[in-house]
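Got the model open? Here is a quick tour of its pockets, its packing, one helix and a few odd backbone angles.

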Amino acid sequence: MPFQQRWFLFPVLIFFLLIVSYDYGAAQANINVTGVGLIIDVNTRIGKEEKIATEIAAQNYHTTSKTHKLSLYTKDSTIRVTSAVEDMIREKKVKVIIGMHAWHGAALVADIGGQAHVPVISFAAPAITPPLMPLRWPFLIQLARNGSEQIKCISDIVRACNWKRVIAIYEDEAVGGDSGKLALLSEALQHVDSEVEYRLVLAPFSSLSDPEGVVHEELVKVLSKTQSRVFIVLESSLAMVTHLFREAKNLGLVGGESAWIIPESITGLLDSVSNSVISSMEGALGIKTYYSEEGSSEYKDFHAQFRKMFRTEYPEEDNSDPGIFALRAYDSIRIVIQAIERMTGNTSSNASSPEMLLHNMLSSNFSGLSGNIHFEGSQLSDTPILRIVNVVGKRYKEIDFWIPDFGFSMSPLKEKIEEKNGSRNFNDTTNALVGPIIWPGNLRQTPKGWEMPTQAKPLKIGVPGRTTFEKFVSVNTNQKCYDGFCIQIFLKVLDLLGYDLPYKFEAYNGTYNDLVHHVYDKTYDAIIGDVTILVDRLQYVDFTLPYAESGLAMIVPTKPEGSPLMFTKPFTRDMWLVTAAILMYTMLIVWFLERQSNPEFSGPWKNQMSTALWFTFSSLFFAHKEKIYSNLTRLVIIVWLFVVLILTSSYTASLSSMLTVQKLQPNVTDIEWLKRNNLKIGCDGDSFVRKYLENVLKFNPQNIVNVSSEYQYPGEFKSNHIAAAFLELPYEKVFLNKYCKGYSATIRTNRFGGLGFVFPKGSPLARDFSEAILKLSENGDIKSLEDVWLTPSHECSTNITSSEPESLSLQSFGILYLISFATSTICLLLSIVHLIISRHQHQDAPKGNATPDEDTADVNECSSRLEFTSTFDTPDHLQDSPPAEIEMQ
């Protein structure tokens, strides 16, 4: 082509380029750019994930939107956050600020955002929501949850594992301290009967020149001051936790019976840490928020993009998979994007105002990668489902789900559980971890969470060295021999524990209260002895279930009891009265039946009654020669003699028993009488009994004598140095078993908790020992030990101080008296009926066979006296059969 023609085309090309650049500039002028400030620490794994995730969200938006664009500005969260935020608002004109993992930093940024009317999306939330929070920070949006559900999950794990004491660990203000989580943890643990024993507070990692030395020093303090081995990391940086686990493993705190629980801020980074770091955490339990990524095309696309960009920008990182922090950062950009899109369609005058932007952001309602995004009062409305993970080897495995208000579950879907089992009636939920879990030290069973004794460091057991009653604890310090009822129970318990428990005894010659206090101050690890369970002591130590009852009894001397009316004791008063009544009634019946036909019952009324009374009463004791003519009388007498036989036999047996069993009467029966007469009493001065007598029963302290041995009590009584002794019920049993002939227990006052073994607060040994003691009680071993050690003597097998045999009552002889009464009454009625019939026969007899004088004589005879005879008692029959004689042998 000629040069002139080429030169001619050059202006055409310039003109075309001007047109294209003009169209591009016009298009650029029509694109709205929204500035978004990011406050993150790009030097940490969390910050790196958040940076890549927000860039992906912005790029995806740019590919679909022709009119809007996001411009991301990143500032380091570790240096002067407030000035960085002010610079971005003033110079970069950002409309939204995102980031902040520490609540104290988020609160500062929220203050600035509120003043500048710039919405702030925070990845941090306070553990305890401050009052009037929406009014104080009106432009704050919390994309993170406050952690209260995580605290509840931790407390459920503690309850499921039956740990009573834990150690809380958190890094100080550099990451917000505990952010109020310690208070929530303490409250949650109280609901599951547990508590925080020790707080391990670590200085900010960035401020430490020798973090390993500081962590080592703090863990040594834990070893010396605590026995709990349940470590709960509330809040900490990954770098600090790495040093924490390494030093803890070197000191033997990761293994054995220890347990570790790490929060979501650490669990979410397990995929990114090196193999050496994660192996140091082996056996720990972690908590992370559950999000369903399976089957989501959006997550798969995001996952592929994230891995590609993360590997390109951070090739030094071993793992390029996104965690919960990346998902949350991605969703935060989506909240801003959806708010901008809603503002685009709004043509009102305030459509582009910061208030409208905030309103549209709070109106978000979509299913994000990190969960459902829906706000109520600037906070996420949905409660999260948590996942329990177990660090195993150089990886971790997910074991259980935790659903708020439901507990542990094998399924994360509440709707499916409700559909299967009905609302809140879950067979798929439980209060225990399903597992299986591999704990620190490759332990397969739930660790006790306590410093357990070893051969190098056995259980140091305090034993009362000067007990009043040697049958309970006997100490021979020269031969280092320990024996007694309590020691034998301890040995029986060891056989039932199911694990080895190295121990060593050490005698303590002091009061029981001082001995208990030495468990509290960790001088001793336990007490094996006759220690009474009291409310005051429960504030400092834990007791096992009682192996013996406890109360207070008053021991006093006794004297034989005598009575001039002892002969009346076999029968009760009612018995005597009814016996007398039956006697009199029988006497009257005999007299009525015999007075007409028996000449011995004739004569004056006085003689008749005395004869009848003598006849009836004498049958109680000896035979008599009085003749009986009436068969009805014979029947009455036979029944009466049977009654007499039973009464005399029973009376003789009862009286013999009363005379054989000696009755002892106590000299003192009233505590008030002792106090009024200012008499001295004895007790064990090393026990709580002395204070109880002074403070509760109000005895004068000067009248209380300390008795140090059971063998001193008889001497104190015989010398009249004391009038009474106050012993606990187990000691009373031993004392009366040995001195049953001269003493008795008259008053038992208030009961106490019983005798038990003592362990430090939260010790799992107390629970294991209680279970073993319960087994010993159920199978009768404790009763057998009591028979051998406490009541071995047969001399007092018959309790001579017991109450005398009971008097015989009317209830025992009611039927017998009823038979006698009924027989006598029936005979009386038959006699009366026969009398009436006889009178009618005499009146109707033919008068023709008799002369008037004879008839008149017969009528006069019938009118002058009553004929009490029967057909068997006529004179003819009496002449045929001789009179009967009843002889009682």
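Helix α26 is the top contributor to the lining of the second largest pocket, giving five residues. Keep in mind that this is a predicted model. The pocket comes to about 740 Å³, and the notes below start there before moving on to the cavities, the cores and the backbone.

**The second largest pocket**
- In total, 38 residues line this pocket.
- If you want to find the middle of it, look for W450, E451, M452, P453 and T454, the lining residues that lie nearest the centre.
- Three elements each give two or more residues to the lining: α8 (211-225), α16 and α26 (764-778).
- By type, the lining splits into 16 nonpolar, 11 polar and 11 charged residues.

**Enclosed cavities**
- Rolling a probe the size of a water molecule over the atoms shows where empty space is left.
- Counting those of 30 Å³ or more, there are five cavities.
- The largest cavity has a volume of about 50 Å³.
- Around the largest cavity you'll find L143, R145, T289, R328, S370, G371, N372, I373 and L380.
- Strand β12 supplies three of these residues, the largest share of the lining.
- The lining of the largest cavity is made up of three nonpolar, four polar and two charged residues.

**Nonpolar cores**
- The largest nonpolar core holds 49 residues, and the members that touch the most others are F472, Y547, Y713, F735, F757 and F769.
- Helix α16 (residues 485-497) puts eight residues into this core, the largest share.
- Another core lies apart from it, with 46 residues that include I46, A53, A326 and F366.
- What does F769 contact, once its neighbours within four places in sequence are left aside? The list runs to F490, V493, L494, L497, L501, I528, T544, F757 and F759.

**Helix α6**
- Helix α6 (residues 148-161) is 14 residues long and spans 20 Å from its first C-alpha to its last, close to the 20 Å expected at 1.5 Å a residue.
- Is this helix mostly covered or mostly uncovered? Mostly covered, with 11 of the 14 residues of α6 buried.
- The buried set in α6 is S148, E149, Q150, I151, C153, I154, S155, D156, I157, V158 and C161.
- An α-helix has 3.6 residues a turn, so residues three or four places apart point the same way.
- Right after α6 ends, N162 has a positive phi of about 60°.

**Positive phi in two loops**
- Most residues other than glycine have a negative phi, which is the background for the next two.
- S378 isn't a glycine, yet its phi is positive, at about 70°.
- You'll find S378 in the loop that joins β12 (371-376) and β13 (379-380).
- Is S378 buried or exposed? Its relative accessibility is 13%, so S378 counts as buried, the cut-off being under 20%.
- N720 is another non-glycine residue with a positive phi, here about 60°.
- N720 belongs to the loop between α24 (712-718) and β29 (724-728).
- N720 counts as exposed because its relative accessibility is 68%, and exposed means over 50%.

Conventions: Residues numbered from 1 in each chain as written. Predicted model: local features only at pLDDT ≥ 70, side-chain atom pairs only at ≥ 80, totals over all residues. Heavy atoms only, no water. Core = buried A, V, L, I, M, F, W, Y, C linked by side-chain atoms within 4.5 Å. Buried < 20%, exposed > 50% of the residue type's maximum accessible area, 1.4 Å probe, protein only. Helix = DSSP H or I, 4+ residues; strand = E, 2+ residues; numbered from the N terminus. Contact = heavy atoms within 4.5 Å. Expected span 1.5 Å × (residues − 1). 1 Å grid on protein atoms, 1.4 Å probe; cavity = no way out; pocket = protein on both sides within 12 Å on 5 of 7 lines; lining within 4 Å. Points joined across faces, edges and corners; volume = space filled by probe spheres on them. Nonpolar A, V, L, I, M, F, W, Y, C, P; charged D, E, K, R; others polar.
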